[in-house]
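User: I want to go through the empty spaces and the cysteines in this one. Can you pull it up?

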Amino acid sequence: MPGRPFLQIPGPTLVPDRIVRAMAQPIIDHRGPRFAMLVQECLTGLKDIFQLQRGHIVLYPGSGTGAWEAAIVNTLSPGDRVLACVNGHFATGFARTATAYGVECDRLELPYGAGVPAAEVEERLRRDTTHEIRAVLMVHNETSTGVTSNVSAVRAAMDRAGHPALLLVDTVSSLASIDFRLDEWGVDVALTGPQKGLMLPPGMAILAVSERAIAASEKAKCPRAYWDWQPVLERNRRGEFPYTPATMLLFGLREAIALIAEEGLVNVFARHARLAEACRRAVRALGLEILCRDPAEHSNTLTAVVMPSGFDSDEFVRFAAQRLDLSLGIGLGVVKGKVFRIGHLGNLNEIDLLGGLAGVEMMLKEFGVPVRLGAGLAAAQEFLTAPR
Ligand code: PLP
């Protein structure tokens with residue numbers, strides 16, 4: 001189809017031309033001096049994005065799923081207990097990864113559409129008087145439901161309970177789009193992928209780790225080879241990796257870091273917040289419901305829209321892809337067939353969003369959902385043109 005592809009899924013996101021061009025160059029020796037400089041620039045730039053000064057960045061070729069595994073195997077031992085906050089499809093996957101390594105998960109089960117309640121984390125930790133729980137696992141932005149949990153409130157709850165557990169946070173669909181502060185919020189491991197807020201093609205597992213997490217890794221007994229972060233940290237000091245790295249992605253990462261620095265991290269967050277609010281207003285004006293009920297937990301990177309009863313959201317997503325080449329996110333986990341997701345993150349501006357919303361309206365109408373064409377767009381446009 002001619003024109004711009006409307007990849008309105010919550011990641012991978014469209015890769016800006018500047019990043020594509022940065023990756024289109026001859027491959028370099030991954031043990032040479034140019035590569036060492038590239039690594040240094042990437043590690044330093046990522047620290048700024050994670051808002052981290054005291055800890056370390058660890059990169060692997062991989063994906064977010066691999067990053068879950070790296071976070072678990074480096075900090076925990078088989079038989080350890082963790083408190084896993086499970087409020088969606090990806091939180092379930094994170095907990096399942098821990099279970100696969102023999103870690104016992106105390107699950108704090110939450111409905112799809114809810115965030116992690118800090119008070120309940122506090123209560124669970126207070127009950128653990130012998131401090132058997134080694135870590136709290138949570139997803140900052142649950143991509144299956146469009147819910148952002150308050151990480152800083154969870155850290156405060158852990159502190160109030162006087163509990164020494166590590167805090168392991170999945171930031172796959174929040175980093176570089178929604179404010180996240182590793183040092184200030186006392187996060188021990190934050191993990192992400194490159195294909196969302198960082199605007200890169202998929203293909204990396206990225207971790208930011210605190211000094212406490214490094215200390216924990218010295219005692220952790222989970223079996224590990226590829227995901228062992230010790231050799232990575234050691235070889236990174238010499239500007240190398242203990243394996244052949246994803247060189248082209250690192251070229252792209254350096255450019256992504258530059259793009260984000262030019263816009264300014266706070267402006268990146270503000271842009272995402274503004275586009276997200278415009279999207280939510282459009283959805284409501286169409287008479288549709290947003291899965292996330294608490295406005296304080298609305299995600300600024302995606303909106304999960306409840307499909308009106310009698311319609312299957314996955315069929316709708318397939319229909320939009322075939323008819324307009326408009327890619328929306330399907331329902332995942334227990335909301336499969338019940339919600340579709342509009343991604344609004346990464347390399348996106350107001351007109352991009354409006355184009356996507358126009359497509360959503362048209363497709364809903366053609367699919368048979370009773371909507372008034374233009375109602376959502378007008379609500380979004382009103383919001384975007386209102387004096388700030
Ligand atoms: N965690 C979250 C919150 C995600 O959104 C995703 C993927 O969308 C993952 C983990 C898994 O990442 P990957 O698909 O890169 O393995």
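**Cavities and cysteines**

Analyst: By class, nine nonpolar, no polar and no charged residues line the second largest cavity. The model is predicted: local features need pLDDT of at least 70, side-chain atom pairs 80 or more, and totals for linings use all residues. Numbering starts from 1 along each chain, and side-chain values use heavy atoms, without hydrogens and water.

User: Which residues line the second largest cavity?

Analyst: L59, Y60, P61, M204, F241, Y243, P245, A246 and L250. The space there is about 50 Å³. A cavity here is a set of points on a 1 Å grid where a 1.4 Å probe fits but cannot get out, lined by residues with an atom within 4 Å of a point.

User: How many cavities of 30 Å³ or more are there?

Analyst: The whole structure has two. The largest cavity has a volume of about 70 Å³, and its lining has five nonpolar, four polar and one charged residues. Among the lining residues are R4, Q8, T13, G343 and N347.

User: Switching topic, how many disulfides?

Analyst: Zero, in a search of the whole structure (sulfur pairs within 2.5 Å). For C222, the nearest cysteine sulfur belongs to C105, 11 Å away.

User: And why is C279 not bonded to C292?

Analyst: Because their sulfurs are 13 Å apart, too far for a bond, and C292 has the closest cysteine sulfur to that of C279.

User: Is C222 buried or exposed?

Analyst: Buried (under 20% relative accessible area, 1.4 Å probe, protein chains only), at 3%. C279 is buried as well, at 0%, and S174 has a relative accessible area of 0%, so S174 counts as buried.

Key: Buried means under 20% relative accessible area, exposed over 50%, partly exposed in between (1.4 Å probe, protein chains only). On a 1 Å grid over the protein atoms alone, a cavity is a set of points where a 1.4 Å probe fits but cannot get out, and a pocket is an open set with protein on both sides within 12 Å along at least five of seven lines; lining residues have an atom within 4 Å of a point. Grid points are joined across faces, edges and corners, and a volume is the space filled by probe spheres set on the points. Ala, Val, Leu, Ile, Met, Phe, Trp, Tyr, Cys and Pro count as nonpolar, Asp, Glu, Lys and Arg as charged, and the others, Gly among them, as polar.
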